[in-house]
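Biologist: I am new to this structure and would like a close look at one part of it, the pairing of charged side chains. Please take me through that part slowly and then place it in the whole chain.

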Amino acid sequence: MNFKNNNLQDIKLPNAPILVADNSGASQITTHGEIIRLDRGEAIKELNAHPQILCNKKITGKFLQTDILYCFDILELFVFIYPTRFIVPTHQGLAKTFSLRKPNSTEEATETLLEITQLLLSKLLEECSNLYKLADIMKQAGWTWGPIVLHNLQNTKPNKGKTESIKNFKVWESLPEWEEIDISSDNNKVDVKKTDVLDKLEDLLGKNSEKRPEQKEFAISANKMFSSIKSSAGPTAVIAEAGTGVGKTLAYIAPAILWAERNNGTVWISTHTKNLQRQLDNELDRLYKNSNDKSRNVVIRKGRENYLCLLNLEEAINQVTLRKDQTTINNAIIALSLISRWVMVSRNGDIKGGDFPTWLFDILEQQPENNLTDTQGECIYSACRHYNKCFIEKSVRKAATAKLVIANHALVISQSLIKTDNLPTPKHYIFDEGHHIFGVADNLFSIRLTGNQTSNLRYWILGAQSNQSSRARGLKIRIQDLVEDNAAGKKALSQILNGAHILPSTGWQKRIVQELPLGPVEKVFVLIRQNLDLTNKITETNYDIEISPEMVDIKLITESKRLLVKLNTILEPAIDLIKIFKQKLNDEDDPPDLYSGQRIEAILRTLERQCVYQISMWKDMLECIGKKPSYGFIDLLALNRIQNRDFDIGLIRHLTDPTKQVCESILDSSDGILITSATLRDDQDWNMATMQTGLNHIKTIPTKIALASPFNYKKQARVYIVTDVDKNDTSEVAKAYKDLIIASGGGGLGLFTSISKLKRVYSELMRMPQLNKLNIFAQHADNIDVGTLIDIFREDENSCLLGTDAVRDGIDVPGRSLRLLICDKVPWPRPNILHKARKIDFKNFNLGRNYDDILVRLKLKQAFGRLIRKNNDYGVFVMLDKAMPSRLKSAFPNDVNIQRLTLSETISETKNFLLKQKNNNIESFDVN
């Protein structure tokens with residue numbers, strides 16, 4: 001096919017049909033230009049006969065229930081041309097990106113794809129970069145778009161037509177280097193006036209925005225955290241519950257940016273998930289219209305495992321030919337080439353949720369990102385030849401001079417424990433989604449003497465040993481040049497390497513199950529599994545199994561004491577090596593140079609955390625086997641199972657209250673703190689809010705503020721509790737989902753408390769012909785990134801999405817795309833050892849109030865908060881659990897209509913309510 005653009009230049013298109021599929025079937029534009037309708041069998045036959053132009057082969061294959069091996073996926077072409085441009089990876093998403101009319105059928109979608117293909121290929125005619133070389137490399141690897149792209153890039157073809165190897169395309173050579181920065185710390189002397197805050201808020205909102213008193217009140221309260229009047233006892237703290245629609249994001253940005261600009265300071269804004277970080281980053285487009293200004297003043301910070309490692313990329317490219325067969329080699333070359341294309345223009349090198357299209361790995365059917373990031377603490381810092389261009393180092397330095405840093409709770413808490421740089425510690429934090437602080441802290445502060453954790457330590461010390469093509473760098477490679485001139489250092493390193501052989505190696509899961517352990521650590525795990533099996537039939541359950549350390553037999557106690565001694569073969573030389581490095585840093589006669597000093601400090605931190613702290617805690621946990629753990633700790637022996645297979649096993653220690661550590665490491669050392677969320681309080685009680693956030697441990701008294709949502713829930717929402725569905729009967733639950741989804745016409749979000757139940761219900765729904773006209777997706781069942789699933793759900797107002805907690809906590813879908821929310825059952829907490837211990841502790845703290853009820857009400861509150869996001873939204877919340885007690889109803893807004901109905905009554909009420917609200921066409925305003 002040929003197409004003339006406005007400049008009358010020839011654009012070459014693939015001589016291939018265009019195919020679009022959804023749950024109802026498929027449509028195709030033939031090579032003769034005819035649009036035809038295909039059933040599933042005919043579409044599969046066409047796909048097998050010759051490659052088709054389509055959008056997202058992963059989703060197309062899902063709808064057609066087939067694997068698509070060879071095609072022209074337009075998303076690959078899009079990434080090649082616009083590698084950092086956000087897009088929802090569907091034909092609707094493409095249409096929106098190019099400002100085209102949204103297709104309402106597969107027939108219309110085929111025409112849309114034709115137009116988009118033409119637009120993309122015409123863009124190549126304007127290129128003047130070195131993309132020709134990269135496209136040629138990809139063509140040689142069999143990229144379907146390769147010949148077409150090269151034809152349209154003829155104007156940029158190099159004079160010498162020699163075919164390049166991907167090893168010669170060294171994208172890192174064109175990247176700029178970072179420079180050392182001069183940090184001037186803020187003195188926190190200039191206060192921001194209330195009138196200035198309100199003026200800034202009005203400027204951010206724009207002239208035509210709805211005026212909301214609650215938003216102004218929030219902004220004034222948030223400004224209190226920046227007060228220059230400090231108490232010697234602790235930080236100036238504000239805790240604020242702001243109902244959905246208050247507009248808290250812009251309300252705290254207004255004082256934050258004013259204070260940062262006037263004090264030459266930095267404010268860290270921490271949220272819970274990467275998806276929420278992205279949403280917050282998008283909000284800041286209101287603050288900085290110019291992208292360069294935004295880049296200077298706003299930095300997104302994540303853990304180092306999120307950023308592409310240039311050394312890993314180089315080594316992956318150099319070792320690509322070591323793959324097992326030519327097809328695998330070619331697929332890897334295509335993937336690495338598209339990653340290299342992204343590296344050219346990436347804002348920050350974040351390959352796991354930044355400006356990299358994470359859905360690309362799904363359609364390429366490869367997941368190389370973990371091998372391209374520093375997931376195991378392998379970084380060699382200044383010894384790396386790419387150190388001066390490192391994305392992580394750039395991000396850290398930019399954050400030190402930025403006005404606003406958008407981080408996540410996990411990074412903020414972890415970096416407070418392990419300082420990874422020599423830059424100033426942040427003094428002002430805003431914790432959005434503050435109700436997640438407790439859970440994140442619990443995960444970070446827990447200690448695991450398990451198969452996965454001990455094998456990870458072996459991997460960190462020795463590197464990969466079973467896979468010769470692995471790029472894993474062990475401790476010897478990372479530090480041997482730093483101890484070459486020190487006999488004691490060489491000896492300590494050698495002892496650590498030898499001691500690490502007691503730790504589990506590859507294949508440990510199978511050996512534990514077969515009771516054929518290698519080494520003392522695996523022997524302890526075998527005995528733990530035997531003790532767990534004394535009270536549980538492991539082979540018959542798909543759930544995690546746990547017991548208290550007090551319940552074990554004498555064999556495990558004896559073997560644990562032997563392991564205590566064995567662990568010293570790693571711990572003692574690690575302590576010696578740390579002493580040697582500290583002496584090296586403090587050597588006045590021969591001090592290390594700047595880079596070597598920074599590198600030694602980084603190694604010291606990881607040695608102290610990975611070896612000394614972790615192994616010392618392991619020893620203490622082993623010492624407690626057969627006894628009660630020390631006060632403040634909760635120990636348990638656990639087996640983690642996934643799909644009826646052992647995944648991890650060992651000892652786990654939790655802090656009873658991990659927020660004490662948050663207080664000590666962050667809150668107490670800060671000048672100003674704001675913790676906010678739409679769901680902090682249970683009813684009017686602040687006890688749970690302060691307990692979950694750590695504010696009950698600070699010595700100062702926080703300012704408390706609660707602002708109700710401005711929405712008219714009586715008019716906009718309904719809550720129905722279904723009285724005649726058996727929540728434990730998968731078929732009944734699936735039928736209820738089907739009938740409710742049909743009643744709403746789609747736009748449904750299903751929240752499940754169990755992954756296995758979600759998968760069973762999803763499987764039944766996909767077999768129901770009544771749902772053929774709707775596109776249904778499911779977290780954990782569809783092998784698609786959860787962030788992408790949410791984006792697709794948001795874009796298609798008649799699609800449905802099933803998910804678990806990650807969907808409930810991270811979804812923001814205003815409008816008709818979410819008009820029905822179904823919960824399969826009341827989300828009661830599992831009565832495990834950890835929960836029971838905390839329940840006792842909470843009763844002491846909260847004078848006996850019902851801990852379980854509070855947790856459930858807060859979860860229901862969070863779930864309901866997903867439903868209404870704007871003043872013209874409307875929706876129905878359905879609980880398929882007739883046993884839901886009336887005392888939980890206070891989780892919902894006071895004015896919402898709550899009824900107990902049969903399923904048939906609920907279906908009728910849902911259909912009538914949604915239809916009436918749609919016809920009413922409530923006037924909208926923007927909620928920020």
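Modeller: K561 is partly exposed, as its relative accessible area is 37% (buried means under 20%, exposed over 50% and partly exposed in between, with a 1.4 Å probe and protein chains only). This is a predicted model, in which local features need pLDDT of at least 70 and side-chain atom pairs count only at pLDDT 80 or more, while totals for chains, interfaces and linings use all residues. Residues are numbered from 1 along each chain as its sequence is written, and side-chain values use heavy atoms, without hydrogens and water.

E623 also falls in the partly exposed class, because its relative accessibility is 33%. The side chains of K561 and E623 meet in a salt bridge, at 3.6 Å from N to O (a side-chain nitrogen of Lys or Arg within 4 Å of a carboxyl oxygen of Asp or Glu). Their salt bridge links distant parts of the chain, 62 residues apart, with K561 in helix α24 (residues 554–566) and E623 in helix α26 (residues 594–623). Elsewhere, D281, D285, K294 and R347 are joined into one network by salt bridges that share partners. Helices and strands here are DSSP runs numbered from the N terminus, with at least four residues of H or I for a helix and at least two of E for a strand.

Another pair to follow is D374 and R304, which form a salt bridge with their closest N and O atoms 2.7 Å apart. D374 sits in the loop between α15 (360–364) and α16 (391–401), and R304 in the loop between β10 (298–300) and α13 (310–318), so this salt bridge ties together parts of the chain that are 70 residues apart in sequence. The two partners fall into separate classes of accessibility: D374 is buried, because its relative accessible area is 9%, whereas R304, with 21%, is partly exposed. A further salt bridge brings together the side chains of E283 and R286, at 3.4 Å from N to O, and there R286 counts as partly exposed because its relative accessibility is 24%. When the rule is applied to the model, the count comes to 40 salt bridges.

To place these pairs in the whole, it helps to turn to the chain itself, which has 36 helices and 25 strands. The chain is as compact as a globular protein of its length, because its radius of gyration is 29 Å, close to the 30 Å that the globule rule gives for 928 residues (the radius is taken over C-alpha atoms, and the rule is 2.2 Å times the number of residues to the power 0.38). Taken along the principal axes, the C-alpha atoms fill a box of roughly 80 × 75 × 65 Å, and 57% of the 928 residues in the chain are buried.

Two loop residues show how parts of the sequence come together in space. R866, in the loop between α35 (851–865) and β24 (875–879), is buried because its relative accessible area is 10%, and its C-alpha atom is separated by 8.6 Å from that of T244, although the two residues are 622 residues apart along the chain. V246 lies in the loop between β8 (236–242) and α10 (248–263) and counts as buried because its relative accessibility is 1%, while the C-alpha atoms of V246 and P213, 33 residues apart along the chain, are separated by 8.7 Å.

Finally, the backbone deserves a look at two loop positions. Most residues other than glycine have a negative phi. Q65, however, has a positive phi near 55°, and this residue lies in the loop between α2 (57–64) and β7 (72–73), where Q65 is exposed because its relative accessible area is 57%. H780 likewise has a positive phi, near 75°, and is found in the loop between β21 (776–778) and α32 (786–795), where H780 counts as partly exposed because its relative accessibility is 36%.
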